[in-house]
Amino acid sequence: MPCIRETPNCRKEPSRIEEVVFMKYGSQFEKVFKEAMKSPDFWLEDIQLSFLDSFLEAMNTKNISRKELAERLGKSQDYVSKTLNACSLNLSLKTMVNFSLALGLKLTLDLEDLESPVVES
């Protein structure tokens, strides 16, 4: 995976979306990609996709089916399936909190500097 910025002891970790784009397209779309990163919508989608990845992994780890999740939420299975469908991303913060609580999890948010490098050990 290509690095965004590298120094001898320090490497800026690419975001999940950066990893996917670089792995799939290489540097071919780097300029377009960097321009898209200036948009708040880009980062909203990144948050939603990251949440879905983590949430689906937690469902799998806890052996919770969509049917059981729907029961815990008091919603229909169709609602749960549509909400968890990555093609129709429209997750509100409230929805993410409700889904997390249904698994016995707390949703947390972190802020990180876009230019902040990660020191490798």
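Helices and strands here are DSSP runs, at least four residues long for helices and at least two for strands, numbered from the N terminus. With that in hand, the views below walk through a predicted model.

**View 1. The whole chain, read from start to end.** Going along the sequence, the pattern is β-β-α-α-α-α-α-α-β. That gives the protein chain six helices and three strands. The chain has 121 residues, and 26% of them count as buried. Take the contacts between residues at least 6 apart in sequence: 54% of these join residues at least 24 apart.

**View 2. Helix α6 and its two sides.** Here we're looking at residues 93-102, the stretch that makes up α6. Its buried residues are T95, M96, F99, S100 and A102. They all sit on the same side of α6, because the arc they cover around the axis is only 160°. Flip to the other side of α6 and you meet K94 and L101, both exposed. What do the buried residues of α6 pack against? Their partners are α3 (40-61), α4 (66-73) and α5 (77-84). Just past the helix comes G104, with a positive phi near 75°.

**View 3. The largest nonpolar core.** This core is made up of 15 residues. Within it, F55, L69, L84, F99 and L103 have the most contacts. Helices α3, α4, α5 and α6 are the elements that each give two or more residues to it. Which of them gives the largest share? That would be α3, with five residues. For a closer look at one core residue, try L69: leaving aside residues up to four places away in sequence, L69 touches F55, M59, I64, V80, L84, F99, A102 and L103.

**View 4. Where α4 crosses α5.** The axes of these two helices come within 8 Å and cross at roughly 110°. Angles from 65 to 115 degrees count as roughly perpendicular, and α4 and α5 are therefore roughly perpendicular to each other. On the α4 side, the contact is made by R66, K67, L69, A70 and L73. From α5 come Q77, V80, S81 and L84. Sort the residues of this contact by type and you get five nonpolar, two polar and two charged.

**View 5. α3 alongside α6.** How do the axes of α3 and α6 cross, and how close do they come? They come within 12 Å and cross at roughly 10°. An angle under 35 degrees counts as roughly parallel, so α3 is roughly parallel to α6. I47, F51 and F55 make the contact from α3, while M96, F99 and S100 make it from α6. These residues divide into five nonpolar, one polar and no charged.

**View 6. S54 on helix α3.** S54 lies in helix α3. Its relative accessibility is 48%, so S54 counts as partly exposed. Along the chain, S54 and S100 are 46 residues apart, yet their C-alpha atoms are separated by 10.0 Å.

**View 7. L93 in helix α6.** Is L93 buried, exposed or partly exposed? With a relative accessible area of 47%, L93 is partly exposed, and this residue is found in helix α6. Not counting residues up to four places away in sequence, L93 touches L107 and L109. From L93 to Q48 it's 45 residues in sequence and 9.3 Å in space, C-alpha to C-alpha.

**View 8. Two residues in the loop between α3 and α4.** Let's start with N63, which lies in this loop. N63 isn't a glycine, but its phi is positive, near 55°. Is N63 buried or exposed? N63 is exposed, with a relative accessible area of 67%. I64 lies in the loop between α3 and α4 too, but this residue is buried, with a relative accessible area of 8%. Setting aside residues up to four places away in sequence, I64 touches M59, L69, R72 and L103. One of those partners, L103, is 39 residues from I64 along the chain, and the two C-alpha atoms are separated by 8.1 Å.

Note on methods
Residues numbered from 1 in each chain as written. Predicted model: local features only at pLDDT ≥ 70, side-chain atom pairs only at ≥ 80, totals over all residues. Heavy atoms only, no water. Buried < 20%, exposed > 50% of the residue type's maximum accessible area, 1.4 Å probe, protein only. Arc of directions from axis to C-beta. Contact = heavy atoms within 4.5 Å. Core = buried A, V, L, I, M, F, W, Y, C linked by side-chain atoms within 4.5 Å. Axes fitted to C-alpha atoms, helices over the stretch in contact; angles between N-to-C directions. Parallel < 35°, antiparallel > 145°, perpendicular 65-115°, else oblique. Nonpolar A, V, L, I, M, F, W, Y, C, P; charged D, E, K, R; others polar.
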